[in-house]
Amino acid sequence: MNIIIVGCGKVGGTLAKQLSMEGHDITVMDKDAAKLRAMSSGYDVLALEGDASSYGDLKEAGVETADILIAVTDSDEKNLLCCLIGRRTGNLRAIARVRNPVYNSEVEFFRKGFGLAMVINPEMAAGSEIARAFRFPSAIDIETFAKGNIELLTFHLPEGSKLVGKPLSYIHSKLHTDVLVVTVRRGGQVTIPSGDFVVRAGDVLSIVTGQGKAHEFFSKIGIETNRVKNVMIVGGGKVTYYVAKQLITDGISVKIIEKDKARCEELSDLLPRAEIIHGDGIDEDLLLEEGIEEVEGFTTLTGMDEQNIMIGLFAKSVSRANVKLVTKITKISFTDVVAGLNLGTIVNPKEITADYILQFVRAMQASVGSEMENLYKLPDSNAEVMEFHIGEKCKACNVPLQKLRLKSNILIAKIFRESRLFTPSGSDSMQVGDTVVLVALCEHKITNLDDILES
């Protein structure tokens with residue numbers, strides 16, 4: 001597909017790199033010539049210097065014939081105007097990044113009135129991810145498929161769990177629970193396991209199951225699943241507002257520590273049910289005085305990655321409870337080093353934004369025969385989970401799974417059919433109208449359900 005990306009920041013760069021690797025024709029546009037030089041030298045893209053709000057510049061970039069226009073500049077207004085010009089000029093799908101909370105109530109208007117395919121707010125998306133983590137503290141990450149009917153959870157397997165030292169077939173034969181382990185990460189290696197795979201303490205497991213079924217599974221293998229009752233947040237920015245608003249709605253008490261007095265007053269008006277503390281979150285004495293040792297949930301959401309890391313490590317070291325820790329990291333790119341610091345769930349708003357947009361592009365690329373509804377890259381992994389709605393032209397339909405010649409490292413995890421969810425056996429087959437969730441290593445670059453078959 002022909003894709004125009006306007007804005008060469010972290011999100012634009014991530015999208016350009018990934019989409020060009022997947023074989024799309026990418027044009028990137030920015031006013032900053034230095035960013036464009038770096039982009040064109042590092043990736044297989046066409047780089048053009050221009051203004052997001054200029055019809056002439058967008059026309060030169062090929063907006064009249066493009067399939068997708070992605071506007072991710074630092075200006076919400078320019079992103080919206082860019083997409084509006086694109087929609088009026090060409091027959092394309094337009095995606096705009098919009099960060100200002102003032103526009104939140106107008107998202108539907110932008111989508112319908114401007115004809116936008118997606119409007120994404122990075123801070124709101126990150127806030128949703130963090131709030132979800134506190135609702136299910138045992139999980140590193142949670143994602144849903146099939147309109148919420150299928151849940152994907154990723155978690156560390158602790159010492160003492162009944163699952164340690166057991167083959168995965170134990171889950172069905174002894175625990176009698178409909179949970180499927182789809183990937184196991186051990187060290188730097190990710191495996192799509194078979195039933196005889198024996199798990200160890202410290203493994204990172206990703207499971208798929210029906211909505212609400214995970215609690216029973218975690219209980220049976222000896223992992224506590226109670227959601228947190230209280231959360232302390234350091235930093236009072238936009239992400240904090242979205243997190244706190246969702247947590248309060250869920251009945252979780254929230255305490256926010258923010259060093260800017262004016263922002264404290266704003267938060268007091270915006271979040272009357274939250275406790276707002278004026279102070280510096282890097283002050284250990286203040287954190288101890290405000291009860292950091294006893295909180296069940298703790299997240300660092302300041303604007304500085306270094307502070308977030310240090311405060312997170314301090315929280316981990318002094319907490320008397322089994323604290324659920326979430327750390328926001330925006331700029332630091334030493335992924336392996338950060339992952340080894342035991343900072344709990346790592347959230348990067350820019351990566352979340354790029355992942356959401358990439359998911360949309362991959363779904364759009366899917367053919368009519370088997371439409372991709374959802375795509376999710378497992379955290380710190382080279383595996384992806386995909387959701388397909390099966391159409392009329394799917395070659396893999398109506399053939400028992402055991403007779404399909406599947407590529408290696410592909411697992412058909414769940415089938416949702418007429419309100420019934422099940423884990424398919426070899427004798428089951430996929431049918432038109434089914435929603436299918438499968439797991440595959442990223443190397444396969446699957447965009448259509450028929451891509452899972454050997455040629």
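Glutamate 123 is buried, with a relative accessibility of 7%. The structure is a predicted model, and this briefing covers its salt bridges and one of its helices. The count of salt bridges comes to 12, and glutamate 123 takes part in one of them, with arginine 99.

**The pair of glutamate 123 and arginine 99**

- The closest N and O atoms of glutamate 123 and arginine 99 are 2.5 Å apart.
- Glutamate 123 belongs to helix α6 (residues 122-135), whereas arginine 99 sits in the loop between β5 and α5, so the salt bridge ties together parts that are 24 residues apart in sequence.
- Arginine 99 counts as partly exposed because its relative accessibility is 28%, while glutamate 123 is buried.

**The pair of arginine 417 and aspartate 434**

- Arginine 417 and aspartate 434 form a salt bridge in which the closest N and O atoms are 2.7 Å apart.
- Strand β20 (residues 410-417) holds arginine 417, and the loop between β21 (420-422) and β22 (435-441) holds aspartate 434, so parts that are 17 residues apart in sequence are tied together.
- Arginine 417 is buried at 16% relative accessibility.
- Aspartate 434 is likewise buried, with a relative accessible area of 2%.

**A network of shared partners**

- Lys255, Glu275 and Glu290 are joined into one network by salt bridges that share partners.

**The pair of aspartate 74 and arginine 97**

- A salt bridge connects aspartate 74 with arginine 97, and their closest N and O atoms are 3.8 Å apart.
- This pair links distant parts of the chain, 23 residues apart: aspartate 74 is in the loop between β4 and α4, and arginine 97 is in strand β5.
- Aspartate 74 counts as exposed, because its relative accessibility is 70%.
- Arginine 97, by contrast, is buried, with a relative accessible area of 7%.

**Helix α4 and its surroundings**

- Helix α4 spans residues 76-89 and has 14 residues.
- From the first C-alpha to the last, helix α4 reaches 20 Å, close to the 20 Å expected at 1.5 Å a residue.
- The buried residues of α4 are Asp76, Asn79, Leu80, Cys82, Cys83, Ile85 and Gly86.
- An α-helix has 3.6 residues a turn, so residues three or four places apart point the same way.
- The strands against which the buried residues of α4 pack are β1 (2-6), β4 (68-71) and β5 (93-97).
- Helices α3 (55-60) and α5 (107-113) also pack against these buried residues of α4.

Terms used
Residues numbered from 1 in each chain as written. Predicted model: local features only at pLDDT ≥ 70, side-chain atom pairs only at ≥ 80, totals over all residues. Heavy atoms only, no water. Helix = DSSP H or I, 4+ residues; strand = E, 2+ residues; numbered from the N terminus. Expected span 1.5 Å × (residues − 1). Buried < 20%, exposed > 50% of the residue type's maximum accessible area, 1.4 Å probe, protein only. Contact = heavy atoms within 4.5 Å. Salt bridge = Lys/Arg side-chain N within 4 Å of Asp/Glu carboxyl O.
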